[in-house]
Structures are given as C-alpha cells and as structure tokens.
Amino acid sequence: MRDLAAGIRYLGRGQRWVAQHGRWWGFGMIPALIALVLYAAVLTALAIWSGDIAAWATPFADTWGSPWQGLLRGVFVALLVAGGLMLSVLTFTAVTLLIGDPFYESLSEKVEESEGHCPPGPGRPLWQEILIALRDSVHVLLRAAGFGVLLFALGFVPVIGQTVIPAIGFCVSGFFLAVELTSVALQRRGIPVRERLRLLRGRKALAVGFGTPLVLLFLIPFVAVMLMPGAVAGATLLVRDLAPAEEAPPEQAQPAPNGSAPHGATPDDGAARA
C-alpha cells in the first residue's frame with residue numbers, strides 16, 4: 001500500500017511541477033493534441049463499425065435465436081470498444097512521446113536539473129533516439145497486447161468477466177503506461193527496455209499507483225492532452241528514486257607546476273601539514 005500511495009504522489013508532484021512552469025506545460029500539450037485528433041478519428045471509426053465486426057467475428061451465431069445472438073454480439077461489441085479504449089490509452093502515450101520526443105526529453109532534463117542533478121544522455125543523434133524509442137515501444141506494446149488478448153477472452157466468463165476482469169485490465173494498463181512514461185528518463189540513463197520492465201516489476205504497486213489513475217483520466221476527452229506534460233514530469237521524479245543516477249564526482253585538485261600549492265590551497269597549509 002505504501003508504494004501504491006507513493007505512485008499517486010509522484011503523479012501529483014509531476015502535475016504541480018508543470019503548473020509552476022507554465023511554458024513547459026503549454027508546449028507539452030501540442031504533441032498530445034495532435035495524437036488526440038488521430039485517435040479520436042480511429043475510435044470513432046471503431047464505434048461505427050463495431051457491429052459489423054462483431055457479426056463477422058461470430059458467424060456461428062447467425063442461426064441463433066433471440067435473445068442469445070444479440071446478447072453474444074452485444075458483449076462482443078462492448079469488449080471490442082473497451083479493448084480499443086485500453087489499447088488507445090497505452091499506444092497514445094507511445095505515439096505522443098514519439099511525436100514530441102525532442103520536447104519531452106528537454107522537459108525531463110529540466111525536471112532533473114530542478115531537482116539537483118541531470119545525468120548526461122548517451123549523446124546519440126535525434127533520428128537514432130526516435131528509432132530506439134519506437135523499437136522499445138513496440139516491445140512494450142506487444143507484451144501489453146498479450147495481456148489484452150487474455151483479458152479479452154476472460155471477459156466472456158460470467159460475473160467475473162464484467163466485474164473483476166475490467167478492474168484487473170485497468171491495473172495492467174496502468175503498469176504498462178508507467179513503463180512507457182518512465183522510458184524517457186530511463187533511456188537517458190542507458191537502461192535497456194528489458195531492464196526497465198524488470199525494475200518496474202520489482203515495484204509493481206508503485207507503477208500501478210502511478211499509471212492506473214492516468215489510464216482512468218485519459219479516458220476523458222482532452223484530459224490526456226492536459227495531463228501529458230505533468231505525467232512525463234512525474235515519471236521523471238519517480239525514476240530519480242527508482243534508478244538514481246550517480247552524480248559527477250567533484251574535480252580533484254591537481255598539483256601545480258614548479259612545486260607551487262594546488263589551486264585553492266595556501267602555502268601556510270603545506271607548512272601546517274609539515
């Protein structure tokens with residue numbers, strides 16, 4: 001429970017950070033707004049054709065009488081739309097991060113600098129960073145899709161399919177959403193995607209506490225756009241505790257030429273040591 005509450009606090013801290021830095025919040029909404037328009041079009045098309053998809057996917061029910069045919073296909077449509085919403089929440093973050101990669105990287109760096117130390121990045125060109133982010137996102141989404149298929153099938157189980165399974169689905173989506181959002185700061189630390197998954201699996205409650213409220217909020221139109229910058233900021237703060245970077249060691253004093261005292265020392269220091 002402590003990690004669950006901590007995850008929620010990180011989400012709140014991230015939103016407070018962007019509220020105090022309004023310029024970053026405003027620019028952060030631009031890539032999220034572009035992604036929202038794209039997803040709205042796709043989800044609208046899914047809702048319009050969901051009945052046709054259900055009929056195509058259940059040809060065995062063509063000869064069923066009323067009310068069983070309508071009940072089966074109604075459940076199928078509901079699960080299809082719910083699955084589309086869950087998938088859109090997961091992929092929305094990945095697509096938005098790809099669209100706004102340079103900005104969100106700068107935002108994450110600014111958050112770390114405000115906290116005292118920002119680890120240096122790997123120094124790769126932008127196109128390579130985007131390709132790596134795309135590859136990692138596909139890896140995460142394939143894992144999430146595996147859970148999605150399983151939960152979709154379990155949704156047909158009476159009672160638990162309409163109560164317990166949706167709740168588990170939100171938690172699973174929240175975990176993978178946290179994986180996506182923390183990728184910006186963890187990639188800067190040179191941590192590969194499999195290691196990122198291992199780190200967050202070790203703190204499942206922390207990841208679920210951070211990601212699940214976002215999953216629920218992202219289902220509300222335009223809320224995802226407004227919360228996205230703060231979500232990146234909060235994920236960066238979470239990473240600072242999950243995988244703290246070593247601060248650069250202070251420069252050691254070098255002996256000055258001709259036997260003179262090092263920079264910052266006085267001749268009296270040497271006499272005192274003698």
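1. A salt bridge is taken here as a side-chain nitrogen of Lys or Arg within 4 Å of a carboxyl oxygen of Asp or Glu. The structure, a predicted model, holds 9 salt bridges.

2. On confidence, the protein averages a pLDDT of 80, and 87% of the residues score at least 70. Helix H1 (residues 2–20) has the highest mean, at 92, whereas helix H10 (residues 267–273) has the lowest, at 40. The pLDDT is below 50 over residues 248–274, a stretch with 6 contacts in the model beyond near neighbours in sequence.

3. Several of the charged residues form a connected group: salt bridges link Glu 105, Glu 112, Arg 188, Arg 189 and Arg 240 in a network.

4. Within this group, Glu 105 pairs with Arg 188 at 2.7 Å, N to O. Because Glu 105 lies in helix H4 (residues 101–114) and Arg 188 in helix H6 (residues 164–188), the salt bridge ties together parts that are 83 residues apart in sequence. The two partners are placed as follows: Glu 105 is partly exposed, with a relative accessible area of 23%, while Arg 188 is buried, at 3%.

5. Arg 188 also forms a salt bridge with Glu 112, with the closest N and O atoms 2.5 Å apart. Glu 112 belongs to helix H4 and Arg 188 to helix H6, so this pair joins parts that are 76 residues apart in sequence. Both Glu 112 and Arg 188 are buried.

6. Glu 112 further meets Arg 189 in a salt bridge of 2.8 Å, N to O. Here the link runs between helix H4, which holds Glu 112, and the loop between H6 and helix H7 (193–201), which holds Arg 189; the two residues are 77 residues apart. Arg 189 is buried, as is Glu 112.

Methods: Residues are numbered from 1 along each chain as its sequence is written. Side-chain values use heavy atoms; hydrogens and water are left out. pLDDT is the predictor's confidence in each residue, from 0 to 100. Helices (H or I, at least four residues) and strands (E, at least two) are DSSP runs, numbered from the N terminus. Contact means heavy atoms within 4.5 Å. Buried means under 20% relative accessible area, exposed over 50%, partly exposed in between (1.4 Å probe, protein chains only).
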